[in-house]
Amino acid sequence: VRKEAAGRGVAGTALGLLVPFGAPLFAAICASCHGERGRGDGPLAGAEGIVPANLTASHARVHDDATPA
């Protein structure tokens, strides 16, 4: 599903159906470092000496959740 969605957006795919469930989790757990749009520019980005990944970068799409970037 991820490869299919990457080429044409997530609307109309199984991934698109999951976005409403993941968005609140991302906002609560990830956005403080990764930023609201996942660009690695959240208010706490770099606070621990670790630069958060830009999840919108083209290479981020080739990684699945089980494979470290």
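This section describes the helices, the burial of selected residues and the contacts in a predicted model of a protein chain.

The protein chain has two helices and zero strands. Of its 69 residues, 16% count as buried. The accessible surface of the chain amounts to about 5400 Å², and carbon and sulfur atoms contribute 62% of that area. Among contacts in the chain with a separation of 6 or more, 11% join residues that lie 24 or more positions apart.

Helix 2 covers residues 14-34, a run of 21 residues. A straight helix rising 1.5 Å a residue would reach 30 Å, whereas the end C-alpha atoms of helix 2 are only 24 Å apart. Helix 2 also contains a kink of about 50°, which is centred on Ala-27. After helix 2 comes Gly-35, a residue with a positive phi, near 85°.

A nonpolar patch on the surface is formed by Leu-15, Leu-18, Val-19 and Phe-21. Together, these four residues expose about 390 Å² of accessible area. Phe-21, one of the patch residues, belongs to helix 2. Phe-21 has a relative accessibility of 63% and therefore counts as exposed, the cut-off for this class being over 50%.

His-34 likewise has its place in helix 2. Its relative accessible area is 18%, so His-34 is classed as buried, a class that requires a value under 20%. With residues up to four places away in sequence not counted, His-34 touches Phe-26, Arg-39, Gly-40, Asp-41, Gly-42, Pro-52, Ala-53 and Leu-55. Phe-26 is thus a contact of His-34, and Phe-26 is also in contact with Gly-38.

Gly-38 is located in the segment after helix 2. This glycine has a relative accessible area of 3% and is therefore buried. When neighbours within four places in sequence are left aside, the contacts of Gly-38 are Phe-26, Ala-53, Asn-54, Leu-55 and Thr-56. Thr-56, one of these contacts, is 18 residues from Gly-38 along the chain, and the C-alpha atoms of the two residues are separated by 6.1 Å. Leu-55 appears among the contacts of Gly-38 and also among those of His-34.

Ala-53 is found in the segment after helix 2, and this residue touches both His-34 and Gly-38. The other contacts of Ala-53 are Arg-39 and Gly-40, again with residues up to four places away in sequence not counted. Arg-39 and Gly-40 are touched by His-34 as well. Between Ala-53 and Gly-38, which are 15 residues apart along the chain, the C-alpha separation is 8.0 Å. The relative accessibility of Ala-53 is 38%, so this alanine counts as partly exposed, in contrast to Gly-38, which is buried.

Val-51 is a further residue of the segment after helix 2. Its relative accessibility of 72% is the reason Val-51 counts as exposed. The C-alpha atom of Val-51 is separated by 8.4 Å from that of Cys-33, with their positions 18 residues apart along the chain taken as the sequence separation. The segment after helix 2 therefore includes a buried residue, Gly-38, a partly exposed residue, Ala-53, and an exposed residue, Val-51.

Terms used. Residues numbered from 1 in each chain as written. Predicted model: local features only at pLDDT ≥ 70, side-chain atom pairs only at ≥ 80, totals over all residues. Heavy atoms only, no water. Helix = DSSP H or I, 4+ residues; strand = E, 2+ residues; numbered from the N terminus. Expected span 1.5 Å × (residues − 1). Bend = angle between axes of the 7 residues up to and from the residue. Buried < 20%, exposed > 50% of the residue type's maximum accessible area, 1.4 Å probe, protein only. Contact = heavy atoms within 4.5 Å. Patch = residues over 30% accessible without salt bridge, like charges linked within 9 Å, V, L, I, M, F, W, Y side chains within 5 Å. Areas by Shrake-Rupley, 256 points an atom, 1.4 Å probe, with all protein chains shown as cover. Salt bridge = Lys/Arg side-chain N within 4 Å of Asp/Glu carboxyl O.
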